[in-house]
Amino acid sequence: MTNPRSQALRIGLRRGWTEFLLSLRSPQDVWFYLFTSTLAVGFLWFNRNNPIEGTELLYTQVTLPSILGALLVFGLYVGPLSTLALEREDGTLLRYKAAPHGMVGYVASQAVYQTAQVVPSVAVILVPSMLLFDGVGPLGLRGWLTMLAVTALGILAVLPFGLIVGSLIPGSQKGGTWGMLPIMVLFGISGIFFPISNLWGWVQALAQVFPMYWLGLGMRSAFLPDAAAALEIGGSWRTLETVLVLATWAVVGLTLAPRVLRRMAERQSGSQVQEARDRALQQWVR
Amino acid sequence: MAEDVIGVRGLRMRYGDKDVLTGVDFEVRRGEVVALLGPNGAGKTTTIEILEGFRRRSAGEVSVLGSDPERADEDWRARIGVVLQSWRDHARWTPRMLLSHLGTYYRPYSTPERPRPYDVDELLAMVGLQDLADQKIRTLSGGQRRRLDVAIGIVGRPELLFLDEPTAGFDPEARREFHDLIHRLTDMEDTTVLMTTHDLDEAEKIADRILILAAGRIVADGSADELARRVNKGAQVKWTVDGQHFVHATTDATAFVRELLAANPNIEDLEVRRATLEDTYIALVHSVESGVGTGPIDAFAEAG
């Protein structure tokens with residue numbers, strides 16, 4: 001007899017892949033990819049000739065990796081958060097709670113699904129940018145490997161928190177407040193569109209607590225020549241600090257997530273699904 | 001005597017300062033189909049969710065397949081089927097995909113006597129979804145979706161199946177097919193079924209035993225016939241003489257009719273109607289809710 005738990009894990013991994021393939025064929029999701037692509041590439045296009053003062057670099061070269069880092073955080077936080085908040089209400093989670101070891105499978109599927117989505121979300125911005133603009137993209141093999149490593153760390157640091165907050169928020173309508181709002185604030189303070197050194201000291205300190213700044217920094221270190229580190233805080237890529245901060249987030253997230261998810265799953269019931277349904281239907285009527 | 005699959009003693013549930021269940025007692029034996037009836041808000045769903053292990057009770061003893069649902073493990077889960085009220089989950093999937101996916105969770109629990117999971121095609125045919133097997137679940141109608149819910153509930157070939165309002169939104173034909181399905185499950189698979197329903201007709205058709213839940217406890221327990229006989233002993237006798245209609249209520253219909261026929265040779269259209277399950281149900285629930293008839297009903301519950 002196969003071990004039911006590892007069997008559930010395997011089924012879950014497969015489900016995540018299935019969800020990913022279904023998402024690639026869903027017009028809604030494809031439109032979303034095109035939308036973010038147009039927005040990001042369009043923004044870079046309008047700034048394509050802007051130089052960065054005091055350097056040989058162009059705005060596009062510095063900003064593209066920053067945007068990719070920020071979008072990673074966006075996708076890995078808002079994605080699982082909204083999926084979980086919605087699937088708590090539509091009965092998906094309850095289905096897995098009703099199956100033996102179903103929650104193991106469900107969480108595994110979320111990990112695969114949300115991770116797989118990183119590839120198209122990065123590609124739809126990186127590929128057209130590399131075709132349209134000069135001197136953008138990871139620098140050589142080392143650059144590509146750095147980008148992969150930073151992405152992997154980012155997934156471990158952010159994805160668990162998407163699941164945690166998605167388990168804690170009271171309903172899917174709160175997804176905006178808990179999902180989008182913090183991300184928008186971080187977009188503004190993490191040195192994505194302009195250097196972080198333009199901001200007040202306390203804002204810089206705050207931004208450096210969260211993964212978005214470090215993911216942006218890590219991405220820039222993969223895309224830009226070493227001389228460009230002069231633009232950063234301390235004039236360095238601070239690779240060690242990047243790894244330490246992201247790893248800390250990952251350890252805390254991976255420790256908390258199973259507990260929070262288990263508690264959330266314990267509270268799932270059919271009546272909750274029914275209440276959420278009634279609430280949503282009432283909103284339609286209004 | 002058959003073994004108890006479900007045993008509930010002194011079950012209480014309190015939300016804040018509101019008591020929903022005030023002391024529920026009942027058993028369900030192996031192979032039985034039991035319907036839990038009751039007015040809205042009586043606590044039917046709460047009861048069934050406690051038994052499914054989806055909700056923590058405030059007090060009382062509960063045993064389901066030999067375990068306390070609050071502490072039961074995943075192996076226990078594999079022996080239980082739950083038909084959930086779905087809504088819009090897995091909208092992009094097809095019934096075939098979802099059934100074979102969820103069925104895989106039960107594969108490690110397969111035994112020669114109880115091969116798990118069900119074959120997907122067989123299952124789709126059982127619930128009449130074979131023609132829609134490869135359509136997106138999003139495109140299914142409410143009734144079709146409900147049938148998929150039932151299929152998902154039984155995909156692991158459960159020993160015990162919980163159904164909460166299973167036929168809400170079914171048309172009469174789908175309802176008939178659903179009843180056949182339940183009969184098939186209990187006859188061929190020896191599945192025990194506990195369902196909640198609003199539909200008295202349905203309860204009468206498919207349940208071996210009916211439990212009526214009102215004011216937070218079980219106020220009646222028995223087959224549809226037993227309930228009707230015990231609660232409402234009376235019957236209505238109708239007849240026609242020379243084109244004139246008569247109606248008479250009596251507690252002893254047989255004696256009344258014997259006398260009536262002896263006294264009057266011109267009787268036509270004689271009809272004796274015993275109280276239906278519906279009459280019983282309405283009478284019971286009304287007396288419990290108004291608090292008038294608690295005495296006789298307690299006596300009745302003890303008699304049962």
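# Exercises: a two-chain interface and its cavities

The largest cavity in this predicted model holds about 90 Å³ of space. Let's work through it, then look at where the two chains touch.

**Exercise 1. Find out which residues line the largest cavity, and sort them by class.**

Step 1. Start with chain A. It puts Arg95(A), Ala98(A) and Ala99(A) into the lining.

Step 2. Now go to chain B. Here you'll find Ile80(B), Gly81(B), Val82(B), Leu84(B), Leu102(B), Tyr106(B), Ile152(B), Gly153(B) and Val155(B).

Step 3. Match residues to elements. H4 of chain A, strand E5 (80-83) of chain B and helix H5 (142-154) of chain B each supply at least two lining residues. E5(B) has the largest share, with 3 residues.

Step 4. Sort by class. You should get 9 nonpolar, 2 polar and 1 charged residues. Gly counts as polar here, so look to Gly81(B) and Gly153(B) for the polar ones.

**Exercise 2. Do the same for the second largest cavity.**

Step 1. Note the volume: about 70 Å³.

Step 2. List the lining: Met126(B), Val127(B), Arg147(B), Val150(B), Phe170(B), Ala174(B), Glu177(B), Phe178(B) and Leu181(B).

Step 3. Find the elements. H5 and helix H6 (172-188) of chain B each give two or more residues to this lining. H6(B) gives the most, with 4.

Step 4. Sort again: 7 nonpolar, no polar and 2 charged. Arg and Glu count as charged, so Arg147(B) and Glu177(B) fill that class.

**Exercise 3. Describe how chain A and chain B meet.**

Step 1. Count the residues. On chain A, 43 residues are in contact with 31 residues of chain B.

Step 2. Look at the area. The two chains bury about 3200 Å² between them, and 58% of that is on carbon and sulfur atoms.

Step 3. Check the polar side of things. There are 4 salt bridges between the chains, and 12 residue pairs in polar contact. For one salt bridge, find Asp89(B) and Arg95(A), whose side chains come to 2.9 Å, N to O. You've met Arg95(A) already, in the lining of the largest cavity.

Step 4. See which parts of chain A do the touching. Helices H1 (4-24), H2 (27-46), H3 (59-89), H4 (92-98), H5 (102-116) and H12 (270-285) of chain A each supply at least two residues. H1(A) gives the most, with 11 residues.

Step 5. Finish with classes. The side of chain A that touches chain B has 16 nonpolar, 17 polar and 10 charged residues.

Notes: Residues are numbered from 1 along each chain as its sequence is written. Chains are lettered from A and ligands numbered from 1 in the order in which they are written. This is a predicted model: local features need pLDDT of at least 70, side-chain atom pairs count only at pLDDT 80 or more; totals for chains, interfaces and linings use all residues. Side-chain values use heavy atoms; hydrogens and water are left out. Contact means heavy atoms within 4.5 Å. Buried area is the accessible area (1.4 Å probe) that two parts lose on being put together, summed over both. A polar contact is a pair of N or O atoms within 3.5 Å; within protein, one must be able to donate a hydrogen and the other to accept it, and residues adjacent in sequence count only if both atoms are side-chain atoms. On a 1 Å grid over the protein atoms alone, a cavity is a set of points where a 1.4 Å probe fits but cannot get out, and a pocket is an open set with protein on both sides within 12 Å along at least five of seven lines; lining residues have an atom within 4 Å of a point. Grid points are joined across faces, edges and corners, and a volume is the space filled by probe spheres set on the points.
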